[in-house]
Amino acid sequence: MSGTFVGMPAFPKNAAKAVQNSQLRFNLRKATHTIRGKRAAVVGELDDWAELREAGKAIKDHTLRNLDRYLLQMEEKVTEAGGTVHWARDAAEANRIVARLVKETGETEVVKVKSMATMEIGLNEALAEEGIEAFETDLAELIVQLGDDFPSHILVPAIHRNRAEIRELFLKKMAGAPKDLTDEPRALAEAARLYLRQRFLEAKVAISGANFMIAETGTLVVLESEGNGRMCLTLPKTLISVVGIEKLLPAWQDLEVFLQLLPRSSTGERMNPYTSMWTGATEGQEFHLVLLDNGRTSVLADKVGRQALRCIRCSACLNVCPVYERAGGHSYGSVYPGPIGAILTPQLRGMDTPLDRSLPYASSLCGACYEVCPVAIDIPSVLVDLRGKARHPRTEKAGMAAAGWVFNRSKRLAKAQRFGGRMRRLVPKRLPGPLSGWTDTRDLPDIPAESFRDWWVREGGADGRRPAVPPVGNLPQESRKK
Amino acid sequence: MSAAAREVILRRIRSAVEGAPEAEIVRGYRGATGEPGDVELFAERVRDYRAVVHVVPRAEVAATIAEITGGRALAVPEGFPSHWYAPSEGETDGVISTCAVAIAETGTIVLDAGPGQGARAQTLIPDYHLCVVREDQIVPNVPDAIARLDAARPLTWISGPSATSDIELNRVEGVHGPRTLEVVIATG
């Protein structure tokens, strides 16, 4: 139902368009600043935040290092508890497994809890092709689904929609929406409650993801706010959970770390309203766990990039990112937007498209994302590493090679500087052709008549004398405007 | 097919992490204390979620519940102490339950489907949930709760009423879960 990101243009083009949308910028600014403040307040309450963060990082690193062992343990424990475990190498395989499991129940409708993994593999579209309709039950996901739209934030997928738009959407697309529906958030939430309640009570099959899996006990953990998760996880007869293999934690005790890190980083609450934990087939249900690779093992193989797999999808990095705040989630062309998306998407999908190649550049490298990350993912370092791995245009490579040749020898640099100084009045303010990409958004620095090094030598600095203050003409402030 | 996928994924993992350094887990954070939790802090933190909280001596629990419900019929899960509230006939509009553990620092109540708590859906479908928490069930923090709970049981952690902030980040209480959460804390 919702569209796909295939064929989207590169990040700069998307971002340039997004920043023109004043409504979007207003929504994003308000939202990100609100959550940012709440997060800072509840994180500040815990004196041991730094230690929790350190432990969170180490637990994830340890799990990833021993992932094969813990996955096998998880499989064993889930099977012992009456569940069935399936393994999926890629999106297509996962989708086939889920479609088959749903068909075996004889049902043609399923309810879904918000899940990044199923969004990533395009499960809803795959099920639709098999004649199975999937109903998203998270309010924001419902808004995205009804609007045939893309999510734009990990936690608040419909962050780009305002109340008036949501009201319009509900009136147009939601069966049974009251004609006199107002745009009050309370009224809109109530309309969704009524619309979905019947679906919950009738649904025989539910599909979820999970925030954590505990290898030691075979337990799955889902954190949520609305109660749609509890509905989906408890009411239907059959429950299918599609979970990325990196969501694993070794021990039950490890939850004491992550149940503190995640809610505080994510919604800025001491605890989210509801967390469900279950082990295998529970209260008479049939339970299937689909373990999903879909590119994760290739991320794991990258020494620098593998830390992205520590991510617990809290979205704190989105909320502090100056680029995300202005460009919005859609610009990233992936279900994973923001700084984490900029390092995860190119690694999961590869850098074959211009969009995926442009993502490592969707950052000013300010480092705010690293600072707030509850599992200390050094996003700036991964971005820089990915930039090195991305394919670069031939002209850029030639330019860099030329610059390298000049800078490599001081004599070459001095010659180039003298030449530049003589030609300085001829240098245009805007560069021509493909180079205009640089000067469209930046001023070219003024070239001084005399380079610092030449001035230093002329004033005898090299002979141990103390040069006088350089003539004004040599200072950068002296611009060509004069 | 699945067996092949399993082998392929395991093989990919093993070759991906080959030679990677082991990570040592240091737990420098505050762990489980084993001490009782602070009743007042718990009450305050639950109120922060806009839930209604009553703190009463154990002997007054029945009277408090009677006053709160005012003759209104609530569903009663099996094993709920009958001297606190006895099920009445007819249509119910809400549910009353006990809990397994409560966390002072986060204002969280944990249900584990034990006596007086019912199956998970029982405290989910009704629009009103009244939960009785005994003082000795309150622990200081999250690590204490994890230490006390049994992972083999179905667990539901509840922190305030159901809520969403999906529309322009305005908090709306009550989407699919109970819109009203009321908590009676029995002291002593």
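**Close-up 1. Helix α20 of chain A in the predicted model.** Helix α20 covers residues 394–407 of chain A. At 1.5 Å a residue, its 14 residues should span 20 Å. The end C-alpha atoms are 20 Å apart, so expectation and model agree. Is α20(A) buried or in the open? The number of buried residues among its 14 is zero, so the helix lies largely in the open.

**Close-up 2. An open sheet with strands from chains A and B.** Eight strands line up as β8(A)-β5(A)-β6(A)-β9(A)-β7(B)-β4(B)-β3(B)-β6(B). Their pairing is mixed. Which strands stand at the edges? They are β8 of chain A (248–249) and β6 of chain B (138–139). Each has a single partner strand, so one side of each is left without a neighbour in the sheet.

**Close-up 3. Strand β7 of chain B and its two neighbours in the sheet order.** Strand β9 of chain A (residues 274–279) pairs with β7(B) over four bridges, in the antiparallel sense. Here A:Thr275 has B:Trp157 as its bridge partner. Strand β4 of chain B (residues 108–111) is also antiparallel to β7 of chain B (residues 155–158), and three bridges join them. In this pair, B:Ile109 is matched with B:Ile158.

**Close-up 4. The contact between chains A and B.** On chain A, 71 residues are in contact with 54 residues of chain B. Which helix gives the most to the chain A side? Helix α3 (residues 49–65) does, with ten residues. By class, the side of chain A that touches chain B has 34 nonpolar, 19 polar and 18 charged residues.

Methods. Residues are numbered from 1 along each chain as its sequence is written. Chains are lettered from A and ligands numbered from 1 in the order in which they are written. This is a predicted model: local features need pLDDT of at least 70, side-chain atom pairs count only at pLDDT 80 or more; totals for chains, interfaces and linings use all residues. The expected span of a helix is 1.5 Å times one less than its number of residues. A residue is buried if 20 or more other C-beta atoms lie within 10 Å of its own, exposed if 12 or fewer, and partly exposed in between; C-beta atoms are placed from the backbone. Two strands pair if DSSP finds at least two bridges between them. Two residues are in contact if their C-beta atoms, placed from the backbone, lie within 7 Å. Ala, Val, Leu, Ile, Met, Phe, Trp, Tyr, Cys and Pro count as nonpolar, Asp, Glu, Lys and Arg as charged, and the others, Gly among them, as polar.
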